[in-house]
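This report describes a single molecular structure for readers who have its sequence and coordinates at hand.

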Amino acid sequence: MSLIELKGVSYSYPVKEGYNVKALRNVSLAIDKGEFVALAGMNGSGKSTLAKLLNGLYIPTDGEVLIDGLSTEDDANTFEIRKKAGMVFQNPDNQMVATIIEDDIAFGPENIGIEREDIIRRVDEALEAVGMSEFRRRTASKLSGGQKQRVAIAGVLAMEPQILILDESTSMLDPNGRKEIMDIALKLNKQGITVINITHNMEEAAIASRVIVLRKGRIAMDGTPKEVFASGQLEACGLTLPPVTQLSRALMDVGFEFDGVVTSEQELVEGICRVLK
Ligand code: ADP
Ligand code: MG
């Protein structure tokens, strides 16, 4: 059994009498524990809808979503599912519930009746995991966007989830903030947390172990970053190759050779150095 299973999932938003928007169409998908998935696609392709189906915020119009074997359709599972799958959203300013950072992180565990001692441990560990321990008594409003997103991740970690879903959580950050969040996601993934990073930034997609591309509510591609970047289908899905991949292609046109598709600066530099030698 996979940690996440979607079986023939469709989702429609009722817009008005007799008219609805089909956001997802017959999506079937399995994601195993420990995967680092980038979920990509242009605006309106259905990424956020899929994310909200994963933690039971939405229930499929058709089909079924199972998280660790629990169907999101059954109300009795909602609480467990929300604990298992934590979500961080796009806007760093909309996610804080308390003024002081440690109170904000404690909010989730307090709400589900965790013992005082255990809350303190969880908050300590979550702050540590996102590198924000020295900020614990600070006011959230004074933080940078990247720091706020790190606190939002800590809030999710305090619930001890199995799945971390980032819905365009870096899109309002500068390159440094973006990298910090991705480094944290990679570290958490190494520790066993399954990560789903929703993005249309292909540089971010390149660090995932698997890239799933949505197009008009359907899965258009599903493979390793190299497979997806080599497909020639990315543009048709409204996405652009990462700069390193584009540069390597331009260099190939003038005689450079690389082993397969270049997805990192390191591969690019190695390829160039081989030729220059
Ligand atoms: P993405 O996150 O990839 O940008 P969404 O999942 O937000 O895509 O949207 C998928 C489709 O559903 C789009 O056509 C969008 O306009 C529509 N949609 C999203 N939210 C709503 C809503 N609350 N009501 C009606 N239509 C919606
Ligand atoms: Mg979205």
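The sections below treat the sheet, the ligand site, the helices, two buried basic residues and the cysteines of this predicted model.

## The four-stranded sheet

Four strands form an open sheet in the order E2-E1-E4-E5, and their pairing is antiparallel. The edges are taken by E2 and E5; each has a single partner strand, so one side of each lacks a neighbour in the sheet. Strands of a sheet pair through backbone hydrogen bonds, in either the parallel or the antiparallel sense.

Strand E1 comprises residues 4–16 and strand E4 residues 62–67, and five bridges join them in the antiparallel sense. Serine 10 has aspartate 62 of E4 as its bridge partner, while isoleucine 4 is matched with isoleucine 67 of E4. On these pairings, the register of the two strands can be followed directly in the displayed model.

E4 is also joined to strand E5 (residues 70–71), through two bridges and again in an antiparallel arrangement. Here leucine 66 stands opposite serine 71 of E5. The hairpin of E4 and E5 has two residues between the strands, and within this hairpin aspartate 68 adopts a positive phi near 50°.

## The ligand site

Which residues surround ligand 1? The shell consists of Tyr13, Val21, Ala23, Met42, Asn43, Gly44, Ser45, Gly46, Lys47, Ser48 and Thr49. Strand E2 (19–31) and helix H1 (47–54) each supply at least two residues of this shell. H1 gives the most, with three residues.

Polar contacts to oxygen atoms of ligand 1 come from both backbone and side-chain atoms. A polar backbone atom of serine 45 lies 3.2 Å from an oxygen atom of the ligand. For lysine 47, a polar side-chain atom is placed 2.8 Å from a ligand oxygen. In the side chain of threonine 49, an N or O atom is 2.5 Å from an oxygen atom of ligand 1. The ligand exposes 560 Å² when taken alone, and the protein buries 62% of that area.

## Helices H1 and H3

Helix H1 is largely enclosed by the rest of the structure, because six of its eight residues are buried. The buried positions are Lys47, Thr49, Leu50, Ala51, Leu53 and Leu54. Lys47 and Thr49 also belong to the shell around ligand 1. Just after H1, glycine 56 takes a positive phi of about 75°.

Helix H3 spans residues 101–111, and its buried residues are Ile101, Glu102, Asp104, Ile105, Ala106, Gly108 and Pro109. The cover over these buried residues includes helix H4 (116–129) and helix H5 (145–157). Just after H3, a positive phi of about 75° is found at glycine 113.

## Two buried basic residues

Lysine 84 lies in helix H2 (residues 78–84). Is this lysine buried or exposed? Its relative accessibility is 12%, and lysine 84 therefore counts as buried, the cut-off being under 20%. With residues up to four places away in sequence left aside, lysine 84 touches Ile67, Asp68, Leu70, Pro161, Gln162 and Ile163. The side chains of lysine 84 and aspartate 68 are joined by a polar contact of 3.0 Å. Aspartate 68 is the residue with positive phi in the hairpin of E4 and E5. Between lysine 84 and threonine 170 the C-alpha to C-alpha distance is 22 Å, at a separation of 86 residues in sequence.

Arginine 210 is placed in strand E9 (residues 210–215). With a relative accessibility of 14%, arginine 210 likewise counts as buried. Its side chain reaches the backbone oxygen of alanine 30 at 2.9 Å. Outside the residues up to four places away in sequence, the contacts of arginine 210 are Leu29, Ala30, Ile31, Glu35, Phe36, Val37, Ala38, Asp222, Gly223 and Pro225.

## Cysteines

How many disulfides does the model contain? The count comes to zero, by the rule that two cysteine sulfur atoms must lie within 2.5 Å. Cysteine 237 is buried, with a relative accessible area of 4%, whereas cysteine 273 is partly exposed, with a relative accessible area of 35%.

Key
Residues numbered from 1 in each chain as written. Chains lettered and ligands numbered in written order. Predicted model: local features only at pLDDT ≥ 70, side-chain atom pairs only at ≥ 80, totals over all residues. Heavy atoms only, no water. Pairing = 2+ DSSP bridges. Buried < 20%, exposed > 50% of the residue type's maximum accessible area, 1.4 Å probe, protein only. Polar contact = N/O pair within 3.5 Å; in protein donor to acceptor, adjacent residues only side chain to side chain. Contact = heavy atoms within 4.5 Å. Near = heavy atom within 4 Å. Areas by Shrake-Rupley, 256 points an atom, 1.4 Å probe, with all protein chains shown as cover.
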